[in-house]
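Please look over the sequence and the model below before reading on. The paragraphs that follow move from the burial of single residues to the whole fold and back to its details.

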Amino acid sequence: MPDLVRALPLVEDEVRRLATSSSLPVVNEHAGRITAAGGKRLRPILVLAGSLAVSGTVPDKAVTAAACVELLHAGSLVHDDLMDGATERRGVRTVNAAWGTGPALLVGDFMLARASQVALERVSPHAAALLARAVADLVEGQVLEVLDLFDADRTPEGALRSVERKTGALFEVGCELAGHCADADGATTAALARYGALFGVVFQVLDDLLDLASTSRRLGKPVGNDVRQGVYTFPLLRALTDEQRRLLRERGRGLTDAELAGLLAGLRQTSMVADTLAHCTSLAARAVRALPDLPASPALDVLRELPGAYLDWAASQIA
């Protein structure tokens with residue numbers, strides 16, 4: 001699929017340009033370092049493949065939209081790292097660790113604002129509005145998570161509501177922008193957006209599962225971080241025994257390393273992994289069924305295969 005292959009480096013170049021487009025070198029230094037650290041780039045791939053599947057080509061505005069979505073995502077990660085007190089992401093120091101909490105907030109703000117500004121100027125006012133809506137959804141999802149911190153009685157449904165907004169919304173907006181950039185009709189664009197929303201939930205729930213069931217060696221970061229920070233996720237909440245829930249109620253904020261290790265070991269003896277993988281398999285199938293009826297093409301195959309491929313990869317990372 002040469003169009004998609006050629007477009008991905010163009011998106012990477014555009015992300016780099018946008019991240020370093022401040023008039024202040026110090027902002028460019030930190031924003032550029034974070035975006036250069038890499039990542040899966042799933043969201044830009046969804047924009048490009050979606051546009052290609054609809055129109056048979058990748059228009060220039062789809063490349064720009066893909067870069068805007070990735071810049072927005074990167075800016076949100078700067079804010080996430082700040083809230084979590086994280087010191088490293090993807091092998092590089094976080095902005096808050098390298099420069100401080102206040103400056104990190106400003107760098108994240110710059111990246112979010114630049115993404116919407118460029119979408120307004122170079123894609124369309126509608127594209128900018130979609131990105132602004134996604135930011136609002138992301139913030140609301142994060143607020144829902146904060147309200148439930150260290151709440152051992154949080155419901156799995158409550159955890160999913162947060163996931164749908166804080167992660168699902170960015171996948172959704174990428175797919176919606178794909179339809180918009182390809183001049184798709186309303187029904188096609190809505191179907192792409194639904195696919196993205198479901199795929200986003202699959203992605204986040206699997207990420208949450210890996211934090212509980214993988215290893216530090218495989219993930220490249222400590223496991224159990226969500227539990228340490230009081231973020232009780234969908235896989236955890238569905239698997240907790242009464243005794244484990246009581247431990248979190250009584251010791252959640254003061255959980256020792258030994259207690260956390262015991263909790264994780266106990267969870268791995270339950271059906272948590274199998275149940276979560278089965279739930280995500282069902283969601284991935286729903287995502288694929290949500291795709292619009294489009295002519296067969298390699299780009300459409302990419303969209304169909306991505307949720308299952310990510311599911312397989314996540315399963316391979318479980319201890």
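A residue is called buried here when its relative accessible area is under 20%, exposed when that area is over 50%, and partly exposed in between. The coordinates under discussion are those of a predicted model, and with this cut-off in hand helix 7 is a convenient place to begin. In helix 7, the buried residues are A127, A128, L130, L131, A134, V135, L138, G141, Q142 and E145. An α-helix has 3.6 residues a turn, so residues three or four places apart point the same way. The buried residues of helix 7 pack against four other helices, namely helix 4 (60-84), helix 6 (101-122), helix 8 (156-166) and helix 9 (168-181).

The length of helix 7 can be checked against a simple expectation: at 1.5 Å a residue, its 23 residues, 125-147, should span 33 Å, and the C-alpha atoms at its ends are indeed 33 Å apart, so the expected and computed values agree.

Around this helix, the protein as a whole comes to 17 helices and two strands. Its C-alpha atoms fill a box of roughly 55 × 45 × 30 Å along the principal axes. For 319 residues, a compact globule would have a radius of gyration near 20 Å, and because the protein has 20 Å, the model agrees with that rule. Of the 319 residues, 53% are buried, while the surface that the protein exposes amounts to about 13700 Å², with carbon and sulfur atoms supplying 54% of it. The pattern of contacts adds to this picture: among those between residues at least 6 apart in sequence, 74% join residues at least 24 apart.

Charged side chains offer another way of following the fold, since the structure holds 13 salt bridges. What do the side chains of R165 and E140 form where they meet? They form a salt bridge, with a distance of 3.0 Å from N to O, and this pair links distant parts of the chain, R165 belonging to helix 8 and E140 to helix 7, 25 residues apart. Both partners fall in the middle class of accessibility: R165 counts as partly exposed because its relative accessibility is 35%, and E140 is partly exposed with a relative accessible area of 38%.

A second salt bridge joins the side chains of K166 and E145, at 2.5 Å from N to O. Because K166 lies in helix 8 and E145 in helix 7, this pair ties together parts that are 21 residues apart in sequence. Here each partner lies under the 20% cut-off: K166 counts as buried at 18% relative accessibility, and E145 counts as buried at 9%. E145 is also one of the residues listed above as buried in helix 7.

The side chains of R154 and D148 likewise meet in a salt bridge, at 3.1 Å from N to O. Are R154 and D148 buried or partly exposed? At 5% relative accessibility R154 counts as buried, whereas D148, with a relative accessible area of 21%, is partly exposed. Elsewhere, salt bridges link E12, R41 and E70 in a network.

Two further residues show burial at single positions. V58 is placed in the loop between helix 3 (42-55) and helix 4, and because its relative accessibility is 15%, V58 counts as buried. Leaving out residues up to four places away in sequence, V58 touches D3, A7, L48, L52 and V63. The C-alpha atoms of V58 and R6 are separated by 9.6 Å, although the two residues are 52 residues apart along the chain.

Q244, by comparison, is found in helix 14, residues 242-251, and at 11% relative accessibility Q244 also counts as buried. When neighbours within four places in sequence are set aside, the contacts of Q244 are A239, L263, G266 and L267.

The last stop is on the surface, where L24, V26 and W99 make a nonpolar patch of about 250 Å². Of these residues, L24 lies in the loop between helix 1 (2-19) and helix 2 (25-36). With a relative accessible area of 48%, L24 is partly exposed, because the exposed class takes in values over 50%.

Conventions:
Residues are numbered from 1 along each chain as its sequence is written. This is a predicted model: local features need pLDDT of at least 70, side-chain atom pairs count only at pLDDT 80 or more; totals for chains, interfaces and linings use all residues. Side-chain values use heavy atoms; hydrogens and water are left out. The expected span of a helix is 1.5 Å times one less than its number of residues. Buried means under 20% relative accessible area, exposed over 50%, partly exposed in between (1.4 Å probe, protein chains only). Contact means heavy atoms within 4.5 Å. Patches are made of residues with over 30% relative accessible area and no salt bridge: like charges are joined within 9 Å, nonpolar side chains (Val, Leu, Ile, Met, Phe, Trp, Tyr) within 5 Å. Accessible areas come from the Shrake-Rupley method with a 1.4 Å probe; for residues, only the protein chains shown count as cover. A salt bridge is a side-chain nitrogen of Lys or Arg within 4 Å of a carboxyl oxygen of Asp or Glu. The radius of gyration is taken over C-alpha atoms; the globule rule is 2.2 Å times the number of residues to the power 0.38.
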